[in-house]
Every structure is written in structure tokens, then in C-alpha cells.
Amino acid sequence: MDATPRTTPRKSATFDDYSLSEIRRAAESGIYDIRGAGAKRKVPHFDDLLFLGASMSRYPLEGYREKCATDLWLGTRFARKPIHIKIPITIAGMSFGSLSAQAKEALGRGASIMGTSTTTGDGGMTEEERGHSEILVYQLLPSRYGMNPDDLRRADAIEIVVGQGAKPGGGGMLLGQKITERVAEMRTLPVGIDQRSACRHPDWTGPDDLEIKIEELREITDWEKPIYIKVGASRPYYDTALAVKSGADVIVLDGMQGGTAATQEVFIEHVGLPILGAIRPAVQALQDLDMHRKVQLIVSGGIRNGADVAKALALGADAVSIGSAALAALGDNDPHWEHEYAKLGTTAGAYDDWHEGRDPAGISTQDPELGARLHPELTGRRLANYLSVMTLEAQTIARACGKSHVRNLEPEDLVALTVEAAAMAKVPLAGTDWIPGSKSDW
Amino acid sequence: MPEVDLGVTPLRELNAALHRLTPETNERHWVIDHPAGRHAIAAGLNVPVTVEINGPVGYYCAGMNKHATVLVNGSAGVGVAENMMSGFVHVTGDASQSAGATGRGGLLRIDGNASSRCGISMKGIDIVVKGSVGHMSAFMAQAGTLVVFGDAGDSLGDSIYEARLFVRGSVKSLGADCIEKEMHDEHKRAIHQVLTRAGFDGEVDPSEFKRYGSARKLYHFHVDHAGEY
């Protein structure tokens, strides 16, 4: 027997276990992988930033005594009835169809307790969400499923969806398992088909047309409603500038970590920008047009806690929006359902086959039995608790930086832990005055 | 009969006045002069009145119309009667792109030609075009009826769902999953019904039309269909 010592078996860093499993899956099925949620790969994010806090040259506010406001107005540019929200965190657009009616109701309840807004999705407005959302933003998507002037008028704002972070340039997708009779009726589709929404709007092309489209929406609603434009983060400077030119009151900028109900895995992981790299160019565009704070900027994609909120605001956003985190607060991917996740071949924290409609938590499903597991009142309260904690956390940081309103946080309050984050957020690398890519870097 | 000169009255004022009307209004026939291609004229109407517009209109005329009758004595820009819910919109001239886009009900009649994407994503509207329609018409059409007296351009009915398409002239090409289907008496009756509502009672023989609709092969993902798109 050869006594030569053998090297330890080594797996390829390139062809890792996940890549190999995907190759096997693709070879077997012949179709790309479809899943929900946002990018799972590690990208530069808010964790790569730190606040400096007060020091000799900055005065903090007393944590439990001095006021630190969190409210803001949205839609002050043109709308006759702008929206006032009490916290700088809104609930992102998620459709009835992708989510159960109970989940939509819970989102409305939680948001309303905290005085903030929730948003419809690619499937129209349901009574559950209108009835339980004090402030409801109505999305106008390329599919126009369920679109009607009555809902436009009973909405509090209108969000024109050009794109979303999980799939900039892609349309919606809802597979047959979730096209129940009610969902099909709302969307004027045959029951049980695999629905693939358009990626472009049917009646306008480009910002010049969009300006006219916005004029039409304003005319239909007698110029009352704030009009948002939502874009996936890809060319944030130009997209923001063009959204301003088109007449937006509010711009929603969604990074690649933002979730989707369903699309191709390759789309989610390989198209678009992480939100950290998108905020400063968008803010720069607003500043160049003298529109910063006049057209409000809401950013989303991977917001998890009050620190993320504070960092987004410090980079120049007016508010943030959450989707995946809100679903987690309702119970999505909760270890409580681990035995059922295991039956689906996954584990709590990794479940992303939202398109299959078998969500044990009763959130991303149209199965009446699964949906009934979700108690809208109780889970709405959980969402309100979570929003409250995030707000308190953001206030804690803002006070430590000496700010009497969270929107007063600024880039000067931040440093970066990595060169990449410093370059993207345009703040100095910690302990240095170096901002990679800035003119002083030349 | 209110008469509004858009050369003098701001559009916003006109639309606001139309939106204030109640179903019981006595002002049931409005005449609009000098539209000069303005956009969103008579958009968002919600009562059964008649609005007669003398001249060409811009984008989204009668957008999201509900209950009203809108007569355009001239041509219409992009998206005339887009997302119409009910009522009747009649364009005596040509219509630009996306006429009747995403419409959910009501009837759109175009006496001239309609450009590309006529009836795109239609969801229940009925559309009658006396002339021809451009490319990608009835793209992703979900429900409703499109009747074309003339010809249809490329990719008619691409990715169509359950809308019914009837074309009297030639079709340059059919889009993905759109096929010609046999005409039966029920389809001739359907054409007759739509044409009668559009004011063509007995003028046109329904049997001269060919029927197109969904092959329903792309309703579900299947690897063997990848090349169809």
C-alpha cells in the first residue's frame, strides 16, 4: 500500500456546493430557478458604515428628555393633499395574490398603528388593505391589473412602478398555484395560469411620455394625490433626474436586496445595485436640480433595523421602505414553523419559494387553510412593535449625533469600514479623511 | 348645453367641472372647442354625459372613462380611452399608439386607422377600428373584443389570453401563442353585437372577418416552449 500522505480533499471556491447543486438542478429540469425574496449574496451594505456620534465638537441630545422628531410630509411638490407620516419608515408595495389577504390586512393594521403608509401591488386594491390602511399608496404597474379610477381616487397616493430592486427591467410573475378564483378575477386572468406581467408600461415610453401620463393621473384625481415614481437601483443619478423631470412628487429607489414575490434567481442576484451604492447618486441628482427635500426620496432594499434607517437618512434619503423585514415581523421564516419548512426541503431563514404558495406562516400563500394561520390583528401588532423599535433606534442614534430630527442626520456623521463602502457612500474610510473616488482623492 | 373653449379655459378647470357633475345633472351635453391636441381632455369622467370635442386631442383623451360618451371630431393621440371602464368613446379620425390600452369595459370606435399596440393588455373593452391597426396590437390582450375592418400589422395578439380578435383584411403576422381560429355562428353574432353597439347596424357582414385567439400553449411554463417567446 502506498504510504504517501494524501492532501485533504478540497472543494472549489468557484464551483462551490451551491453552484454545483444549481448545475444539477438546471440539468435535470431544463428551466431556470424561480424564487422569491431579494439578493442573498453579500454586498456592501449599511453594516459597513458607522456613526461617529457626538464628541468635543458635536453636542448630543439627552436620550430620554430632548425631542427628536421623526415625522415627514410626502408629496409637497405638486399634490393638493400631501401625506403626513409619523415615522420615516413605510411599507413597500406587495400584492394581494403574492400575499394572503390576512397578510395584507396585517400590514395595514401595523402601519396604521404607527401612522405610516402601506402600498398595494401588482394585483389591485383589496378591501382588506384599504379598510385597514389609514394611508394607502396605490401602485400603477405595467400590468394594470385591477386598475380603476375609483381606487385611484380612494388612494392617498399613487406610485408609478417603473422597476424594482430585485429585478430592474423585469415584470411581475405569479405562478398558477396562486392564481385562485379571487386573484384571477381581480386580474382578469384565467384561473391557474402562470401569470407573467409586462415589464414596460402599455401606454407610455420614456420620461417625456411619463410626464404626460402623470398629468393624466393628476387630472383624473383633480391634482389631489402625491405621485411617486418607483425605480430599481441601476442608474440612480439619471433615473432620479428623469423622475424629477417627469413631475414626480416622491421617488422610491429600491436596491437589489429588495424582495420580490417571484422571479428568476439569476435576475435577483445579478441585476441592479445594492442600495448603499444608489443613495448618494440619487441625492446628488436632487441637489443638482435644487430638488433635495422638495421631491422626497424613499429608499428600500435590505433595511432591517433602526441603524439602517438612520444611515439611509444620513446619506440623504427622506424615508425608507421595508418589505422583507415587514414580512419577517409578521412571522415569515419563523423557526416556529421549522418542521414544516423541513418538509418543503428548506429551513427557517432560507425559505424563499414564495411563488409556490405553500408558506407555512400563511403569508405568501393563497391557500385558505395556511392563510388562516395568520392572525391579522396580532401580527399587525407585531409589525407595529417592530416599526416602533426601529424608530426608537434611529432616534437613539440621531440624538447621539446631536440631531433634533432624524432627517438632520448627514453624511458627515458617518464613516466607512471598507474601501468599497467608503466609495459608494462617499464618506471617509474610518480613521482617515480618504473618500475613494472623490476629487480630493486625485 | 355648456360650451367650453379650451383656447380660453384651462384644461384643469374643464376637467374639474366635469368631475363635479352628478348622475342627476341637467348639463348632459358638453361641447369643447379648440382642443389643439391638449392631453388628458375629459379624463376620469364618471357620469353618463356626452362630451363632444371639436378638433384633435393629445394623449389619454377620455382616459379611465366611466359611463360617459366622448366624441372626438378629429384625431386622437396616444392612449385614447386608456383603461376605460364603461361608456363609449368615438374618434372620427385616426388614433395614435395604445388606443384603448388596458381598457376594462365600454366601447371604443375609431373611424380611421389605429397605430401600434391598439388594445394592448385589453381587459374587457370592445374596440372597433374601421381602418387598420399597427404592430403589436392586442399584445397580452386579456379579455374583450377587437374588430378591425382593415389590416393588422406584425405580431397581432402576441401572448394573448382570452380576448377575441376579428380582422377583415390581412394580418402581417401573428404574435406568440396567437392562432387563427374557426368562425362559428356565435362569433358572427358577437361581431354583429359589437358593431351594432358601435353604430354599424347591418352595414358590415360579420362572415367577412377571420377570428384569432389564444392557442393557450404558453399559459404554463414549460421548457419546450422557451423558443416561442
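Visitor: Which residue just after α10(A) takes a positive phi?

Guide: This is a predicted model. Look at A:G316, just after α10(A): its phi is about 120 degrees.

Visitor: Is α10 of chain A mostly covered or mostly open, and how many of its residues are buried?

Guide: Burial is read by counting neighbours: 20 or more other C-beta atoms within 10 Å make a residue buried. Helix α10 of chain A spans residues 306–314, and eight of its nine residues pass that test. Among them are A:V309, A:A310 and A:L313, but also A:D308 and A:K311.

Visitor: What share of chain A as a whole is buried?

Guide: Of its 442 residues, 57%. Chain A holds 15 helices and 16 strands. Its radius of gyration is 22 Å, close to the 22 Å of the globule rule for 442 residues, so chain A is as compact as a globular protein of that length. Along the principal axes, its C-alpha atoms fill a box of roughly 70 × 70 × 45 Å.

Visitor: What part of the contacts in chain A joins residues 24 or more positions apart?

Guide: Take the contacts with a separation of 6 or more; 67% of them join such residues.

Visitor: How should I read the contact between chains A and B, and how many residues does each chain give?

Guide: The size of an interface is often given as the accessible area lost when the parts come together. Here, read the residue counts: 37 from chain B and 21 from chain A. On the chain B side, α1 (11–20) and β7 (123–129) each give two or more residues. The largest share, four residues, comes from α1(B). By type, that side has 16 nonpolar, 14 polar and seven charged residues.

Notes
Residues are numbered from 1 along each chain as its sequence is written. Chains are lettered from A and ligands numbered from 1 in the order in which they are written. This is a predicted model: local features need pLDDT of at least 70, side-chain atom pairs count only at pLDDT 80 or more; totals for chains, interfaces and linings use all residues. Two residues are in contact if their C-beta atoms, placed from the backbone, lie within 7 Å. Ala, Val, Leu, Ile, Met, Phe, Trp, Tyr, Cys and Pro count as nonpolar, Asp, Glu, Lys and Arg as charged, and the others, Gly among them, as polar. The radius of gyration is taken over C-alpha atoms; the globule rule is 2.2 Å times the number of residues to the power 0.38. A residue is buried if 20 or more other C-beta atoms lie within 10 Å of its own, exposed if 12 or fewer, and partly exposed in between; C-beta atoms are placed from the backbone.
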